Amino acid sequence: QVQLVESGGGLVQAGGSLKLSCAASGRTFSIYSMGWFRQAPGLEREFVADIRWGTGITYYADSVKGRFTISRGNVKNTVYLQMNSLKPEDTAIYSCALRDTRNIARYTYWGQGTQVTVSS
């Protein structure tokens, strides 16, 4: 069993920056990747970014490419999302998720989410 806890959300003006953190605990020995997703009111959850744990290779949604950076932290089993040049349309609940190497087709574990609000 794996537990994920996000932090770092808040209120920021358009053009500003936030850095989200996610810490994984439990049986994390078989991590394939960790990713970030977001869900805005009235919309479906969408993919934001992913980092492969073994290689460090990253993937981004086109909507955030060049503005957001996903990275692994120095602390064991942590992942960050640096968000720059934020836009009002980035407002959403951001959740981190984990894929186990035993089932890479889906993100098996999810955090509780952290609210990011970008004002005009």
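**Contacts within the predicted model**

The side chains of aspartate 90 and arginine 67 meet in a salt bridge, with N and O at 2.8 Å. This pair links distant parts of the chain. Aspartate 90 belongs to the loop between strand 8 and strand 9, and arginine 67 to the loop between strand 6 and strand 7 (68-72). The two residues are 23 residues apart. The model is predicted. Aspartate 90 has a relative accessibility of 1%, so the residue counts as buried. Arginine 67 reaches 11%, and therefore counts as buried too, since the limit is under 20%. Both residues also take part in a wider arrangement: a network of salt bridges links Arg38, Glu46, Arg67 and Asp90.

In total, the structure holds six salt bridges. One of them joins the side chains of arginine 52 and aspartate 50, at 3.0 Å from N to O. Arginine 52 and aspartate 50 are both buried. Another pairs lysine 65 with aspartate 62. Here the closest N and O atoms are 3.5 Å apart. Lysine 65 is exposed, and aspartate 62 is exposed as well.

A search of the whole structure finds one disulfide. The bond is formed by cysteine 22 and cysteine 96, with their sulfur atoms 1.9 Å apart. Cysteine 22 lies in strand 3 (residues 18-26) and cysteine 96 in strand 9, so the disulfide ties together parts that are 74 residues apart in sequence. The torsion about the S-S bond of cysteine 22 and cysteine 96 is about 50°, which means that the disulfide is right-handed. Both ends are shielded. Cysteine 22 counts as buried because its relative accessibility is 1%. Cysteine 96 has a relative accessible area of 0%, so this residue is buried.

Aromatic contacts come next. A pair of aromatic rings is described by the distance of the centres and the angle of the planes. The structure holds four aromatic pairs. One of them is made by phenylalanine 37 and tyrosine 107. Their ring centres are 4.9 Å apart, and the planes stand at 80°. This pair is edge-to-face, because the angle is over 60 degrees. Phenylalanine 37 lies in strand 4 (residues 31-39). Tyrosine 107 lies in the loop between strand 9 (92-100) and strand 10 (109-110), so the pair ties together parts that are 70 residues apart in sequence. Phenylalanine 37 is buried, and so is tyrosine 107. The two also belong to one aromatic cluster, formed by Phe37, Phe47, Tyr107 and Trp110.

Two arginines lie over tryptophan rings. Arginine 45 sits over the face of tryptophan 110, at 3.9 Å from the ring centre. Tryptophan 110 is a member of the aromatic cluster described above. Arginine 72 lies over the face of tryptophan 53, and the distance to the ring centre is 4.2 Å.

The surface has its own features. Phe47, Ile57 and Tyr59 form a nonpolar patch there. Together they offer about 250 Å² of accessible area. Phe47 thus appears in both the patch and the aromatic cluster. Tyrosine 59, another patch member, lies in strand 6. Its relative accessible area is 37%, so tyrosine 59 is partly exposed.

Two loop residues complete the description. Glycine 54 is placed in the loop between strand 5 (46-52) and strand 6 (58-60). Glycine 54 is exposed, because its relative accessible area is 75%. Glycine 54 and threonine 91 are 37 residues apart along the chain, and their C-alpha atoms are separated by 31 Å. Serine 85 lies in the loop between strand 8 (78-83) and strand 9. Most residues other than glycine have a negative phi. In serine 85, phi is near 50°, a positive value in a residue other than glycine. With a relative accessibility of 42%, serine 85 counts as partly exposed.

Technical notes: Residues are numbered from 1 along each chain as its sequence is written. Side-chain values use heavy atoms; hydrogens and water are left out. Rings of Phe, Tyr and Trp (its six-membered ring) pair if their centres lie within 6.5 Å; planes under 30 degrees apart count as stacked, over 60 as edge-to-face and the rest as tilted. Helices (H or I, at least four residues) and strands (E, at least two) are DSSP runs, numbered from the N terminus. Buried means under 20% relative accessible area, exposed over 50%, partly exposed in between (1.4 Å probe, protein chains only). A charge sits over a ring if NZ of Lys or CZ of Arg is within 6 Å of the ring centre and within 35 degrees of the ring normal. Patches are made of residues with over 30% relative accessible area and no salt bridge: like charges are joined within 9 Å, nonpolar side chains (Val, Leu, Ile, Met, Phe, Trp, Tyr) within 5 Å. Accessible areas come from the Shrake-Rupley method with a 1.4 Å probe; for residues, only the protein chains shown count as cover. A salt bridge is a side-chain nitrogen of Lys or Arg within 4 Å of a carboxyl oxygen of Asp or Glu. A disulfide is a pair of cysteine sulfur atoms within 2.5 Å.
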